[in-house]
Amino acid sequence: MSSPLRRDDVAHVAKLARLTLSSAELDMFTEQLGQVLEHANDMSSLNLEGVKPTAHPFELLNVVRADEIRASLDRDEVLAMAPDAQDGRFAVPRIMGEAP
Amino acid sequence: MKSAAQTVADVASGASSANEELDRSLGAIRARNDELNVFLYVDEVGARRQADAVDEKVRRGEDPGVLAGVPIAIKDNLCQRGIPTTCSSRILEGWRPPYSATVIERLLAAGAVPVGKTNLDEFAMGSSTENSAFGPTKNPLDPTRVPGGSSGGSAASVAADMTPIALGSDTGGSIRQPAALCGVIGVKPTYGLVSRYGLIAFASSLDQIGPFAKDVRDAAILLEAIAGHDEMDSTSLPEPAPSLSAHVDDGVAGKRIGLVRDLVDGADDEVVDAVEGAAQVLRDAGATIVEMSIPEFRLGLSAYYILAPAEASSNLARYDGVRYGLRVDADDVTAMNEATRTAGFGDEVKRRIMLGTYALSAGYFDAYYGQALKVRTMMIDAFARAYRDVDLLLGATTPSVAFKLGSKVSDPMAMYLSDIFTIPTNLSGEAAVSVPFGTGEAGLPTAVQLLGPARSEARLFAAARILEIAEGR
Amino acid sequence: MTLPGEWEMVIGLEVHTELQTATKMFCGCANHFGSEPNTNVCPVCLGLPGSLPVLNERAVELAMAIGMALHCTIAPSTFHRKNYFYPDMPKDFQISQYDLPINKGGFLDLPDASRVSIERAHLEEDTGKSTHLGGTGRIHGAERSLVDYNRSGVPLVEIVSGPDIRSAAQARAYASELRGILIATGASDGRMEEGSMRIDANVSVRKAGEPFGTRCEIKNLNSLRSLVRAIDFEARRQIELIEGGGVVRQETRHWDENLGATSTMRTKEEAEDYRYFREPDLVDLAPDDAWQQRVRDGLPKMPAERRALLSARLTSSTEAQFDAVEVVIDLNLETYVHAALDAGVDPALALARAANELAGDIDNLGHLSSEGFCATLLMEQRGDLSATQAKTVLGEQLAHGGDPASIAASLGFERLSSESLEGTVATLIEQFPDEWARYREGDEKLAQFFIGQVMKVTKGQANGKLVVEQLQARR
């Protein structure tokens, strides 16, 4: 897996991550991210067949809370954070397309 | 500067007051903050109110708390109600959280006096505090050099005697590495020992809040005050805070300590010398030093630079211009999200978001993210094998003394290598301490790292204390 | 709808149900429909930086209850993040269960004895709600949108059926039976109009015996009527497409209730890359035997069993009684019916009064005890009250409560004395000699005629059965 990353790949992930890149930035990030992925390739040569993946450092189980109401935030304080608000709601420019 | 322990004693006895201690702290900040850029925000009003409350308790004969009147610096990725919290990012500029992190609540309850928010690498991504939207922090010991990162501001606050203690967060070494470069104690506690509620997430399965201090006892007192189960954090360990400060002088007699070649090899000679010197001091104090190799550690960097960006790419999705922080206007919401994120995030954050997005995306998940999760298991198993033989491990914290500002900032990979010795502990979720030990180039401090299994903080502090005594502190 | 030729539909349903917890899935904000916008929000459900989720115990228990009612295995499970940007989703990812759901592998038996397999029933969080300004008020053509996060983080269970459903009618029966189960477990109020139960349908067509065709997922089915219409429309669309030489594309389609048609929302190529990965802020879920048993012990009887218990007490199985049983089960009225049967009320009468009079005034049931219900029906059965009078008394009991005997007395509903009834019948026989003759010759239909006349004269106070007794005695 040498040179694991192409310019198109970076353009694709930038789109997924909602970032706009200039052409020069695309070049720069392609090279820099490529280096990190190349370094990461020392893992790909390992045979890890049968090794369990670890997502949490310690396996705690069944952490739950009682179904009891706690105070919510004050709406004025909540909407004061908003870049734009109207009628007690957060306002955004038009949404393109339904939620998936 | 006076230690936190001495400050508490003085405030409680009336020999000093929280307000006097606060004045001293604010004076030190005023004297050097313009030069060093340690604090992004100084909360004089809130600090004064808390100092008054502590002094009032003392006057009324009530218990003012285990950190009574101790000024403390807070890394600016910890939420404090009503206080600007930026993560050193344009994207959060001006945001005042409507709630406080659990650690802040516990500090206030313990009588500590948070004086302000310290600079960091944007969203804690970096090893030099140069990736801050609000300019780099300079190393108080040599302002032409970096303080390390990402908790560079908190490390510098303690090193510059602005506050006796500070809080940072450590995802891949972000407490230990700046502690080493600034010549102070830095502790990465066991994952789950300190609640993460209110810590703005970088990589959730790796992040842990921990103390900076001038000496081991202060670090132990601070950790005791903030540790213990929190019902707001599902990953918080179930037990109450352990007793730590009572064990600082337990020593290391009879302990077996592994000197790990893989945590030394590749470091500058002066750092290697420091580690070997520390080994000798521990041996003299009655510990048995066992030379060992844990080759799995060499894979840590690769696994970390997949796992941490992957989690970050998801954790940082919420900065979309809809609910808080920066918004750059555009015709539709998608364009607005893009314009906001493009303007609001710096290059290092963008790099890691894209790296993580790539590692999680269809077609690459198994090769990168999936493989890194398995390497994490190998790392945990390797630590477990080592701890069957020894009580603690010893190595370097970081390969060199504080490096020059600007020397690595254009080469991300070189910067990432600063974390090579600290990352394994984050992957295993276990505990580690960086202790200043020895002197290197230009009289700058070198440091060693002590590592232990989960919940071994008391043992680590006892060993760190032996090194501290040998250094004459 | 019958399909042309040998075509058959293959349908799988994904049903989302909001759980009736007091609080949201991961925080202590109230889970309440209809509050002022953005009043049930906190750092967690607003996705504020630094906030962390903690799982609601009750949501887990309701999810288990659903799984148990659907004969699923309760399995060790994990939570994942489903990553995509959308303004009503405050973290820009949804916490959901992915490869390891809490419930897997069950089934649901429908009243027509068909069985639909259940692939999984998993926990996830709901999103906020957007309203669209400008244009038509719909998302397309709007100038800006307003977001309310009260619904953000409300617990959901998504129940995924196997592709076992073969008609829109069966899909309806499945959704309706499932709704009954959700209500019975207390997991949901089943209110589709408030969005607390939402359905997506995967529809494909094939010729009998052939492998499955390409499926389309239809979104936005907010009533059982839309479900049926959308499936029928979509199946017909796919058949026409194929018969016209076209190919069905795998895609997500939107149902428009007003147009009565589905339209493309997103093709497979445009599908999001959700980058699922384990939610690092939550730990694994593995309810032990004791916890599972506690939930199992708390489970009420499910509709199928209740239906069977009630049906077993019927004396005949007419269509009308079958329908009445459905209504009684659906509206949870069987305590009344069983009490009436225990008291010796005729099953047909008990079912009819429950499925009509009680069902018609369901919000007022609090005023009516099962004893009160039985007492009225027994008075009717004894002939102390006519049918019309009994209905009036029941109506009065539902409206204001009270004892049926006193209500009847206050309304002047007194049983006609047998002497007075005899007199009335005798007068009518004289008045209608031809009809009487035909009745005597065995034309039973004329009994109804005389009952009608008696009712007219007595203003509905007579008991039909007693009239027939009188007629027969004089035959």
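In this predicted model, 29 residues of chain C are in contact with 38 residues of chain B. About 2,600 Å² is buried between the two chains, and carbon and sulfur atoms give 60% of that area. Beyond this interface, the briefing covers a sheet built from chains A and C, a strand pair in chain C, and a helix of chain B.

**Interface between chain C and chain B**

- The interface between chain C and chain B holds 2 salt bridges.
- In a salt bridge across this interface, the side chains of B:Arg323 and C:Asp92 meet at 3.7 Å, N to O.
- Polar contacts between chain C and chain B amount to 14 residue pairs, both residues being at pLDDT 80 or more.
- Sorted by class, the side of chain C that touches chain B comprises 19 nonpolar, 4 polar and 6 charged residues.

**Sheet formed by chains A and C**

- Four strands make up an open sheet in the order 2(A)-3(A)-9(C)-8(C), and their pairing is antiparallel.
- Strand 2 (85–86) of chain A and strand 8 (129–133) of chain C are at the edges; each has a single partner strand, so one side of each lacks a neighbour in the sheet.
- The partner of strand 8 within chain C is strand 9 (residues 144–148), and 5 bridges link the two in the antiparallel sense.
- Within this pairing, C:Ser130 has C:Val147 of strand 9 of chain C as its bridge partner.

**Strands 4 and 5 of chain C**

- Strand 4 (residues 80–83) of chain C runs antiparallel to strand 5 of chain C, with 4 bridges joining them.
- C:His80 lies opposite C:Ser96, a residue of strand 5 of chain C.
- From strand 5 (residues 93–96) of chain C, C:Phe93 and C:Ile95 point one way, whereas C:Gln94 and C:Ser96 point the other way.
- All of these strand 5 residues, on both sides, are buried.

**Helix 7 of chain B**

- Helix 7 (residues 216–226) of chain B is largely enclosed by the rest of the structure, because 9 of its 11 residues are buried.
- The buried residues of helix 7 of chain B include the hydrophobic side chains B:Val216, B:Ile221, B:Leu222, B:Leu223 and B:Ile226.
- B:Asp218 is also among the buried residues of this helix, as are B:Ala219, B:Ala220 and B:Ala225.
- At the N-terminal end, B:Asp215 caps helix 7 of chain B, with a side-chain oxygen 3.2 Å from the backbone nitrogen of B:Arg217.
- Just after helix 7 of chain B comes B:Gly228, which takes a positive phi of about 110°.

Definitions and conventions:
Residues are numbered from 1 along each chain as its sequence is written. Chains are lettered from A and ligands numbered from 1 in the order in which they are written. This is a predicted model: local features need pLDDT of at least 70, side-chain atom pairs count only at pLDDT 80 or more; totals for chains, interfaces and linings use all residues. Side-chain values use heavy atoms; hydrogens and water are left out. Two strands pair if DSSP finds at least two bridges between them. Contact means heavy atoms within 4.5 Å. Buried area is the accessible area (1.4 Å probe) that two parts lose on being put together, summed over both. A salt bridge is a side-chain nitrogen of Lys or Arg within 4 Å of a carboxyl oxygen of Asp or Glu. A polar contact is a pair of N or O atoms within 3.5 Å; within protein, one must be able to donate a hydrogen and the other to accept it, and residues adjacent in sequence count only if both atoms are side-chain atoms. Ala, Val, Leu, Ile, Met, Phe, Trp, Tyr, Cys and Pro count as nonpolar, Asp, Glu, Lys and Arg as charged, and the others, Gly among them, as polar. Buried means under 20% relative accessible area, exposed over 50%, partly exposed in between (1.4 Å probe, protein chains only).
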